[in-house]
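Okay, everyone, thanks for coming. Let me put the structure up and then walk you through it.

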Amino acid sequence: MLQVEAVEKSFGDFKAVDGANLRVGKGEVVAVIGPNGAGKTTLFNLITGQLRPDRGRIIFKGEDISRLPPYQICRKGIARSFQIVDVFPRLTVFENVRVAVLSQQRKSYRLFSPAQSMAVAETKEILESVGLSDKAGEIASSLSHGDQKILEIAIALGGQPELLILDEPTAGMSPEETSATMELIRRLATMRGLTILFCEHDMEVVFSIAQSIMVMHQGRTLIQGKPEEVRRNREVQEAYLGGE
Amino acid sequence: MLKQALSSRWLWPAVVILGLLLILPPLAPRFYVYTLALIFVTALLTMSLNLVVGYGGLYQFHHGVFYGVGAYTVALMLTKTDLPMWVGFIAGPIMAAFMGLIIGGICVRLTRLYFAMLQISLGSLIWAIVFRWYNFTGGDDGIHGIPKPSILSSLTGSYYFILLVLVACLMVMYLIVRSPFGSTLQAARDNPQRCEAVGVNVRRHQLVAIVIATFFAGVAGVLFVVLERSVFPDLLFWILSLEIFIMCLLGGWFTFTGPMLGAAIMVALRTFVGRYTEYWTLILGGDIDPVDLLPAAGGDGLYPGKVATPGQGSWW
């Protein structure tokens, strides 16, 4: 479904991504791991168009998307959440998700009909599925950090994506919140048939739900394979797991 | 929508105020009627600016240009062509919106302060053209004695016409603010990057907002001609733009009707305090400082009964 081929990106002299390769098959749950500064977030920003690659290609469903702006990439079926909470702070939880749903339904240019009665069912359904229904009326900035991270995922779901990209979905969460979130992600993958690409520092989380793992180190892809293969790989152990 | 509007707690106050404004002209002195009409015109201009500033988060510093373009368009059409007068009345807002499309189309490529700077420059260019082009625009003399339809020839007639147009425009603006477009625009103001990531073409939404706002500024310009029967380059000068920007801040730019309140306060101050001292802006400054600069007030302005959204008046 998604193929990243030899992608490079520099900021000044610093090569943040220096030859990254990634394959995500339909329906798969794929994790990207690597130490801090390995280029994971940059790679995600390249895929979803916040940044443009210097070299290489990004192919989604057979189409090169590496030069498209973010809103067009979203319309192709890729939605994402952000590592640092990035919601619409002044809007309610409901309105946060509805922005995405309205955009997905191409209704965002309607000028003279009230938004109040639009996209209500779809938005409610999404809030239901992530468990935020009871907080629908609250202003987003008043939610707890954990709930804002979940709201991030809900906004992404508003775009009815085929591929959901999550940048450290459990960052800053308590252990209970983390396991609830992982359960949510697993459920989204099975119940909605979503393809999920995520990056994460918590190895336990990664190895428990990812079907395929890509390891990045200093901007390069070391390996992508099944969790057992990655665990056994010597290069990975030296670079990342600290050589057991 | 209608049902919701009817149950609003603002309905009865609005009806009472509107009723008072309707019965006022035969009772009040001419000067007060004139001042009120001027407040209506300024209120519409300020409300139009707030569509881009408050709801769109765009620093449209030189919004007055579109007011001037609307006013000059109708003035030139009424004095230099034999077209029916209503054509000129319609051409004003359309010309303003067209200028909004061109200037806005260039400016939305930039953000924040850069947007503001470019917008001021391009707006000042229009002012310079109007100021210099004597043969066509009358230069700094302006155009005076513009003919009007007979129904608007009396001050009372103009007053009612201006009030009617103001109310109609406010209703349309209210619809727009509550529409999917309005909520998307506000989302783009709060977090443009996130908006792009959910599939919204942020720049195009901002451009549409600018075109709508400049259209209403053009309507205000036409109303100015109806009231004053003259135009002059000061209508497009940056000082006027700054004043209406201050009115937005003063009234509360995250509220719907706040900017109107700001306009009323400023026009009234200038008219009544201005008679005693040319330093009337000092009182305005004394007013604004506590209202807008204290973090606690942050951006909600003077507006009575704060809206539910916490004000986060971060500026740049």
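So look at β3(A): V29(A), A31(A) and I33(A) point one way from the strand, V30(A) and V32(A) point the other way, and all of them are buried. That's 5 of 5 residues buried in a strand running from 29 to 33. Before I go on, keep in mind that this is a predicted model.

What does β3(A) pair with? One partner is β8(A), residues 195-199, in the parallel sense and over 4 bridges. If you want to find the register, V29(A) has I196(A) as its bridge partner in β8(A), and V30(A) has L197(A). Another partner is β9(A), residues 212-217, again parallel and again with 4 bridges. There, A31(A) sits opposite I213(A).

Now zoom out to the whole sheet. In what order do the strands come? It goes β6-β7-β8-β3-β9-β10 in chain A, which makes 6 strands in an open sheet with mixed pairing. At the edges you have β6(A) and β10(A), the latter spanning 220-225, and each of those pairs on one side only. Going from one strand to the next, the twist averages 15 degrees.

Next, what packs on this sheet? Let's take α5(A): this helix touches β6(A) and β7(A), and its direction makes about 170 degrees with that of β6(A). Then there's α1(A), which lies across β3, β6, β7, β8 and β9 of chain A and runs at about 150 degrees to β7(A).

Hang on to α1(A), residues 40-47, as that helix also lies across β1, β2 and β4 of chain A, at about 65 degrees to β2(A). Those strands take us to the other sheet I want to show. This one is open too, with 4 strands in the order β2-β1-β4-β5 of chain A and antiparallel pairing. Why does one side of β2(A) and of β5(A) lack a neighbour in the sheet? These two strands, 14-24 and 63-64, stand at the edges with a single partner strand each, so one side of each is left open in that sense. Over at the β5(A) end, 2 bridges join that strand to β4(A), residues 55-60, and the two run antiparallel. You can spot the pairing at I59(A), which stands opposite D64(A).

Right, domains. Chain A divides into domain 1, made of 1-77 plus 161-244, and domain 2, which covers 88-160. Taken over C-alpha atoms, their centres are 25 Å apart. How many residues meet between them? On the domain 1 side there are 11, in contact with 9 of domain 2. For the domain 1 side, β7(A), 163-167, and α6(A), 175-191, each supply at least two residues. α6(A) gives the most, with 3 residues. By class, that side of domain 1 splits into 7 nonpolar, 3 polar and 1 charged.

On to the contact between the chains. Here 35 residues of chain A are in contact with 27 residues of chain B. Which elements of chain A are involved? α2(A) at 70-76, β6(A) at 78-81, α3(A) at 93-104 and α5(A) at 145-158 each supply at least two residues to the side touching chain B. The largest share comes from α3(A), with 6 residues. As for composition, the chain A side has 20 nonpolar, 8 polar and 7 charged residues. And yes, α5(A) is the helix we just saw packing against β6(A) and β7(A).

Last stop, chain B itself. How many helices and strands does chain B have? The count is 14 helices and 0 strands. Chain B has 316 residues, and 49% of them count as buried. Among its contacts between residues at least 6 apart in sequence, 74% join residues at least 24 apart.

One residue to finish on: L24(B), which you'll find in α2(B), the helix at residues 11-27. Is L24(B) buried, exposed or partly exposed? Buried would take 20 or more other C-beta atoms within 10 Å, and exposed 12 or fewer. L24(B) has 15, so this residue comes out as partly exposed. And if you're hunting for T271(B), that residue is 247 residues away from L24(B) in sequence and 19 Å away in space, C-alpha to C-alpha.

That's my tour, so over to you.

Notes:
Residues numbered from 1 in each chain as written. Chains lettered and ligands numbered in written order. Predicted model: local features only at pLDDT ≥ 70, side-chain atom pairs only at ≥ 80, totals over all residues. Contact = placed C-beta atoms within 7 Å. Nonpolar A, V, L, I, M, F, W, Y, C, P; charged D, E, K, R; others polar. Domains from an automatic or database assignment. Pairing = 2+ DSSP bridges. Axes fitted to C-alpha atoms, helices over the stretch in contact; angles between N-to-C directions.
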